[in-house]
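Welcome, and please open your viewer. We will go from stop to stop, and at each one you will hear what to select and what is there.

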Amino acid sequence: MTTLKSKLQEDLNAAIKERNELRSSTLRLTLTAITKEEVAGKEKRQLSDEEVTKVITREAKKRREAADAFAQGGRPEQAEREKAEGELLATYLPKQMSDDELRQIVAQAVEEAKAAGAEGPRAMGQVMKIVNPKVAGQAEGGRVAAVVKQLLAGG
């Protein structure tokens with residue numbers, strides 16, 4: 001078992017003993033998603049910590065989107081619960097990159113792409129290829145794409 005997955009398992013056991021319903025249900029759902037990912041495909045495999053982090057990121061994103069949907073649908077109590085679950089999952093993820101750090105990395109990548117001959121909005125794919133490995137897990141794809149578009153447009 002990977003170290004991150006075993007930490008989730010230990011935290012789940014502690015949450016059950018503390019009778020912390022929110023924490024235990026959130027961790028149960030997350031561990032289920034990890035197990036589902038492990039058995040997906042032709043044969044069962046162990047996920048690396050990096051892959052477990054991707055699953056947790058995906059689960060946290062689902063919680064954020066659900067919280068927004070519940071808030072718009074007029075169900076604030078359910079939105080609060082989803083938001084709390086998302087914040088709980090965020091504690092298991094690497095620290096998110098600040099906007100300034102992200103802008104700096106993207107600006108550097110835009111310069112690299114321009115040096116390679118890419119110009120304007122069509123360079124977005126090339127810039128994203130340079131940026132994504134550098135910010136993996138530390139910035140959401142939508143945030144990165146927005147900054148890339150802004151800088152390519154000359155902002």
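Start with the largest pocket of this predicted model. Its lining is a mix by class: nine nonpolar, eight polar and eleven charged residues. The volume of this pocket is about 670 Å³. Select Thr57, Gln96, Gly137, Ala139 and Glu140, which are the closest to the pocket's centre among the 28 residues that line it. Which helix gives the most to the lining of the largest pocket? Colour α3, since the answer is this helix, with nine residues. Helices α3 (49-72), α4 (76-90), α6 and α7 each bring at least two residues to the lining.

**Next stop: the nonpolar cores**

Hide the pocket and select Leu102, Val106, Val127, Val131, Val135, Val144 and Val148. These have the most contacts inside the largest nonpolar core, a group of 20 residues. Show the helices as ribbons: α5 (99-115), α6 (124-135) and α7 (141-152) are the elements that give two or more residues to this core. Another core, of 15 residues, lies apart from it, and Leu4, Val55, Ile56 and Leu89 are among its members. As a general background to this stop, nonpolar side chains in soluble globular proteins tend to be buried together.

Now zoom in on leucine 102. What does leucine 102 touch, if residues up to four places away in sequence are not counted? The list is Met97, Val135, Ala139, Arg143, Val144 and Val147. You have met Ala139 already, as one of the residues closest to the centre of the largest pocket. Keep Arg143 on screen for the next stop.

**Next stop: salt bridges**

There are 14 salt bridges to look for in this model. Begin with arginine 143, whose partner is aspartate 99; their closest N and O atoms are 3.1 Å apart. Aspartate 99 lies in helix α5 and arginine 143 in helix α7, so this pair ties together parts 44 residues apart in sequence. Are the two partners buried or exposed? Aspartate 99 counts as exposed, at 54% relative accessibility, while arginine 143 is partly exposed, at 27%.

While you are here, select Glu21, Glu59, Lys62, Arg63, Arg81, Glu82 and Glu85 together. Salt bridges that share partners join these residues into one network.

Move on to arginine 23 and aspartate 11, whose side chains meet in a salt bridge with an N to O distance of 3.9 Å. Arginine 23 sits in helix α2 (residues 21-39) and aspartate 11 in helix α1 (residues 3-18), twelve residues apart, and the pair links distant parts of the chain. Aspartate 11 counts as buried, with 15% relative accessibility. Arginine 23 is partly exposed, with a relative accessible area of 25%.

For one more pair, select arginine 45 and glutamate 51. Their side chains form a salt bridge at 3.0 Å, N to O. Arginine 45 is partly exposed at 35% relative accessible area, and glutamate 51 is also partly exposed, at 29%.

**Last stop: four single residues**

Select threonine 26, which has its place in helix α2. How accessible is threonine 26? The value is 0%, so threonine 26 counts as buried. Leaving aside neighbours within four places in sequence, threonine 26 is in contact with Glu85, Leu88 and Leu89. Two of these names are familiar: Glu85 belongs to the salt-bridge network, and Leu89 is in the core of 15 residues.

Go next to isoleucine 16 in helix α1. Isoleucine 16 counts as partly exposed, with 37% relative accessibility. Beyond residues up to four places away in sequence, isoleucine 16 touches Ser24 and Arg28.

Then follow the chain into the loop between α1 and α2, where you will find arginine 19. Arginine 19 is exposed, with a relative accessible area of 75%. Have a look at the backbone here too: phi of arginine 19 is near 60°, a positive value in a residue other than glycine.

Finish with alanine 84, placed in helix α4. Alanine 84 is partly exposed, with a relative accessible area of 25%. Draw a line from its C-alpha atom to that of valine 52, 32 residues away along the chain, and the separation is 20 Å.

How values were computed:
Residues numbered from 1 in each chain as written. Predicted model: local features only at pLDDT ≥ 70, side-chain atom pairs only at ≥ 80, totals over all residues. Heavy atoms only, no water. Core = buried A, V, L, I, M, F, W, Y, C linked by side-chain atoms within 4.5 Å. Buried < 20%, exposed > 50% of the residue type's maximum accessible area, 1.4 Å probe, protein only. Helix = DSSP H or I, 4+ residues; strand = E, 2+ residues; numbered from the N terminus. Contact = heavy atoms within 4.5 Å. Salt bridge = Lys/Arg side-chain N within 4 Å of Asp/Glu carboxyl O. 1 Å grid on protein atoms, 1.4 Å probe; cavity = no way out; pocket = protein on both sides within 12 Å on 5 of 7 lines; lining within 4 Å. Points joined across faces, edges and corners; volume = space filled by probe spheres on them. Nonpolar A, V, L, I, M, F, W, Y, C, P; charged D, E, K, R; others polar.
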